[in-house]
Amino acid sequence: MSNCLFCRIAAGEIPAKIAYEDNDVVAFHDINPQAPLHVVIIPRKHIATINDIEAGDAELVGKLYLAAQKIAADAGHAEDGYRVVMNCGADAGQSVFHIHLHLLAGRHLSWPPG
Ligand code: 5GP
Ligand code: ZN
């Protein structure tokens, strides 16, 4: 989708600090980090929200988690821990309507979140 911010980042049309990419997934550092490590992990395929994920996307969504695991491990957080979260819709605070995992690490993360 040409008017989607994250599609444009995935296409290289808008610059971002890339943390990881492959044929299916792109990960980049959040512009407004909420932890020492805050990476946004997206599928190259445009899917607006969790509500729009289809059965055929199951492997793709799994790949988002594998990317999170790798980025966290490469940054040295496999043992100390990290949080991976995907917001859906207004009440959860989703602001960009292209699904993305937030990977947060490098500080203690309280629970429940706000
Ligand atoms: P959401 O609120 O939809 O769960 O998360 C969207 C995230 O994307 C936010 O954490 C926000 O800081 C980040 N973000 C929004 N625009 C940009 C951008 O242009 N570049 C980067 N790197 N991150 C962005
Ligand atoms: Zn998109």
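Which residues touch the most other members of the largest nonpolar core? In this predicted model, the answer is V39, I41, L64, I71 and L103, out of a core of 18 residues. Four elements give two or more residues each to this core: the strands β2 (25-29), β3 (37-43) and β5 (101-105), plus the helix α2 (58-74). Of these, α2 puts in the largest share, with six residues. L64 gives a feel for how the packing works: leaving aside residues up to four places away in sequence, L64 touches V25, I41, I42, P43, M86, I99 and L101. There is also a second core, separate from the first and made up of ten residues, with C7, V26, V40 and V96 among them. This kind of arrangement fits a broad trend, as nonpolar side chains in soluble globular proteins tend to be buried together.

Stepping back to the overall layout, the protein is built from two helices and five strands, and going from the N terminus the elements come in the order α-β-β-β-α-β-β. With a radius of gyration of 14 Å, close to the 13 Å that the globule rule gives for 114 residues, the protein is as compact as a globular protein of that length. Along the principal axes, its C-alpha atoms fill a box of roughly 35 × 30 × 25 Å. Some 39% of the 114 residues count as buried. As for contacts between residues at least 6 apart in sequence, 51% of them join residues at least 24 apart.

The five strands make an open sheet, ordered β1-β2-β3-β5-β4 and paired in the antiparallel sense. β1 (18-21) and β4 (82-85) sit at the edges with a single partner strand each, so one side of each has no neighbour in the sheet. From one strand to the next, the twist averages 20°. Further in, β3 and β5 are held in antiparallel pairing over five bridges, and L37 stands opposite A105 in β5. The helix α2 lies across β1, β2, β3, β4 and β5, and runs at about 155° to β3.

What about aromatic rings? A search of the whole structure turns up one aromatic pair. The partners are F6 and F28, which meet edge-to-face, with 5.3 Å centre to centre and 75° between the planes. Since F6 belongs to helix α1 (residues 5-10) and F28 to strand β2, the pair ties together parts that are 22 residues apart in sequence. Both F6 and F28 are buried.

Methods
Residues are numbered from 1 along each chain as its sequence is written. Chains are lettered from A and ligands numbered from 1 in the order in which they are written. This is a predicted model: local features need pLDDT of at least 70, side-chain atom pairs count only at pLDDT 80 or more; totals for chains, interfaces and linings use all residues. Side-chain values use heavy atoms; hydrogens and water are left out. A nonpolar core is a set of buried Ala, Val, Leu, Ile, Met, Phe, Trp, Tyr and Cys residues joined through side-chain atoms within 4.5 Å. Buried means under 20% relative accessible area, exposed over 50%, partly exposed in between (1.4 Å probe, protein chains only). Contact means heavy atoms within 4.5 Å. Rings of Phe, Tyr and Trp (its six-membered ring) pair if their centres lie within 6.5 Å; planes under 30 degrees apart count as stacked, over 60 as edge-to-face and the rest as tilted. Two strands pair if DSSP finds at least two bridges between them. Axes are lines fitted to C-alpha atoms, for helices over the stretch in contact, and angles run from 0 to 180 degrees between N-to-C directions. The radius of gyration is taken over C-alpha atoms; the globule rule is 2.2 Å times the number of residues to the power 0.38.
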